[in-house]
Amino acid sequence: MRSYITAISYTIILATCFTTQTTSAAENCAPSHDRCIEIGQLNLELAVGLGAKTNPIEDSDPIPLIFVPQISYYGERFFIENLDLGYTLFESVNHSINLIATPDYDRVYFHRNSLQNIFMGNTLKAREGTEESLIMNEQLSAHSSRDRNITYLSGLDWSYGLDHFSMQLSYLHEITGEHHGNEFRFATAVPLVQDLWVLSATIGATWKSAEAVDYYYGEKGIYSPSSAVNPFLKLGYETQLNNKWSLKIFGHYERLDNEIVNSPIVSKNEVLSLFIGGIYSF
Amino acid sequence: MRCCHCSSGGYIVFKECRCGFFIYNYFFPIILISYVYFNAAAVASEVHEDRVQLKLNPRLCTLSKDEPRCKALVRISWTSEAKQSLCLKVVNRPDVNHCWKQNSQGNFGIQLAFKNDLTVELRDSRTQSLVASKTISIVREGEYRHRRRHPWDLFQ
């Protein structure tokens, strides 16, 4: 709670300091620049292709990436990027500091497969037939009805960009009253080839506090994980085909922390996402 | 119900079906008459357009967010296959009025300031019927800002 109050305090201070500088920075944005976006315009894109994201939860099917809508709207300070809501405190040509609210993405692993279904299979890591496994079975069954609700995190987000190089750091706190955990998100994207098409590599990591990890992967009386760090690597290729269509290919590999992998409901130590398809701009 | 079946089933059931009767006796004639009418109108329009060629410069005015109106020297020129008496008019601008008597071409330039699209017309000086018309469109640039960099996101 104290950390959340601290984050709010910093936010208010930053808002006071930087609010007056936002407008002048926006004025430098040329319409022809691909990172500039028109204020007050709803932008809708649809990714259509073949892709999937593996699911680390035991006996869970991969999450298909076939039709993925991308919505964004930018006001003078307020913005929406898909499920992220934000308010820009400071903006310059290269930097921006935003107060954001963003969902906790771990829930996607549970959305298609309820815990009831997960526990129907042999998901226990204790040896079958032993007394230990029978106790765990009973305890897990008792908790199997526990659902992971939609949770939102809020906090500060800093991003830096120069052409196709970009960096992002977010500090977030859960605000929907489910687990009160914290999260750090960091990523940096580096262009490897920058021509009519762009090949880029992104490395990053997500740190989750013990409360956040426990909410999704812990089970009361059975498994209580501590904080976890999930590093990831992404390779992406993108080229503009015409003024409406662009081609996008990416592979995203995320290594799960042992605190998550050791959970009795998790069977994989990685999450792999692959996609090839077109992005259509409406 | 029969009609629905008929319309999807094709022409085989025409004789037995009331909607087949309708299509055969009313729908096709209406389509045919409409085609002839609109085709004739299009041909007439082309002939009309060929008679007088009106040109405007500029055709487009782009305003930045700080510019409330477009200020431009509008150059108007026209040519005709036959000599005509025409008057130049600008919609919603009664102060602009310039006429030619029995000419096959004309040129005119005027400094104008306008907030909305500007429509220039050539009208027959006697009957006031519209001979040709062109519009200068106004495009207003929106305000832009930097999009948030979000490399952490899967699709960014």
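Is His98(B) buried, exposed or partly exposed? In this predicted model, His98(B) has 14 other C-beta atoms within 10 Å. A residue needs 20 or more to be buried and 12 or fewer to be exposed, so His98(B) counts as partly exposed.

His98(B) belongs to strand β4 of chain B, which covers residues 93-114. Once neighbours within four places in sequence are set aside, its contacts are Leu88(B) and Phe108(B). Phe108(B) is ten residues away in sequence, and the C-alpha atoms of His98(B) and Phe108(B) are 8.1 Å apart.

The strand that holds His98(B) pairs with β3(B) in the antiparallel sense, over 16 bridges. One of the facing pairs is Leu86(B) with Trp100(B), the latter in β4(B). The two strands form a hairpin with two residues between them. In that turn, Asn92(B) has a positive phi of about 65 degrees.

β3(B) also leads to the interior of chain B. The largest nonpolar core has 15 residues, and those touching the most other members are Ile76(B), Leu86(B), Leu88(B), Leu118(B), Val120(B), Leu122(B) and Ile136(B). Two or more residues each come from β3 (70-90), β5 (118-124) and β6 (130-140) of chain B. β3(B) gives the largest share, with seven residues. Leu86(B), which stands opposite Trp100(B), is thus one of the core residues with the most contacts to other members. Leu88(B), a contact of His98(B), is another in that group. For Leu118(B), the contacts beyond four places in sequence are Val90(B), Leu112(B), Thr135(B) and Ile136(B). Apart from this core lies another, of 13 residues, including Tyr217(A), Leu256(A), Ile265(A) and Val271(A).

Tyr217(A) also belongs to helix α6 of chain A, where it is buried along with Ala212(A), Val213(A), Asp214(A), Tyr215(A) and Tyr216(A). Why is helix α6 of chain A largely enclosed by the rest of the structure? The helix spans residues 210-217, and six of its eight residues are buried, so the rest of the structure largely encloses it. Among the elements that cover these buried residues are the strands β9 (165-174), β10 (182-194), β11 (197-208) and β12 (228-240) of chain A. The helix α7 (258-261) of chain A is also included in that cover.

Taken as whole chains, the two can be described as follows. Chain A has seven helices and 14 strands, and 31% of its 282 residues are buried. Of the contacts in chain A between residues at least 6 apart in sequence, 58% join residues at least 24 apart. Chain B has two helices and seven strands, which run α-α-β-β-β-β-β-β-β from the N terminus. Of its 156 residues, 19% are buried. In chain B, 56% of the contacts with a separation of 6 or more are between residues 24 or more positions apart.

How many residues of chain B are in contact with chain A? There are 14 on the chain B side, and they contact 33 residues of chain A. The chain B side consists of five nonpolar, three polar and six charged residues. Strand pairing also links the chains: β1 of chain A (residues 36-38) and β7 of chain B (residues 144-146) run in the antiparallel sense over three bridges. Within this pairing, Glu38(A) has Tyr144(B) as its bridge partner.

Technical notes
Residues are numbered from 1 along each chain as its sequence is written. Chains are lettered from A and ligands numbered from 1 in the order in which they are written. This is a predicted model: local features need pLDDT of at least 70, side-chain atom pairs count only at pLDDT 80 or more; totals for chains, interfaces and linings use all residues. Helices (H or I, at least four residues) and strands (E, at least two) are DSSP runs, numbered from the N terminus. Two residues are in contact if their C-beta atoms, placed from the backbone, lie within 7 Å. A nonpolar core is a set of buried Ala, Val, Leu, Ile, Met, Phe, Trp, Tyr and Cys residues joined through C-beta atoms within 7 Å. Ala, Val, Leu, Ile, Met, Phe, Trp, Tyr, Cys and Pro count as nonpolar, Asp, Glu, Lys and Arg as charged, and the others, Gly among them, as polar. Two strands pair if DSSP finds at least two bridges between them.
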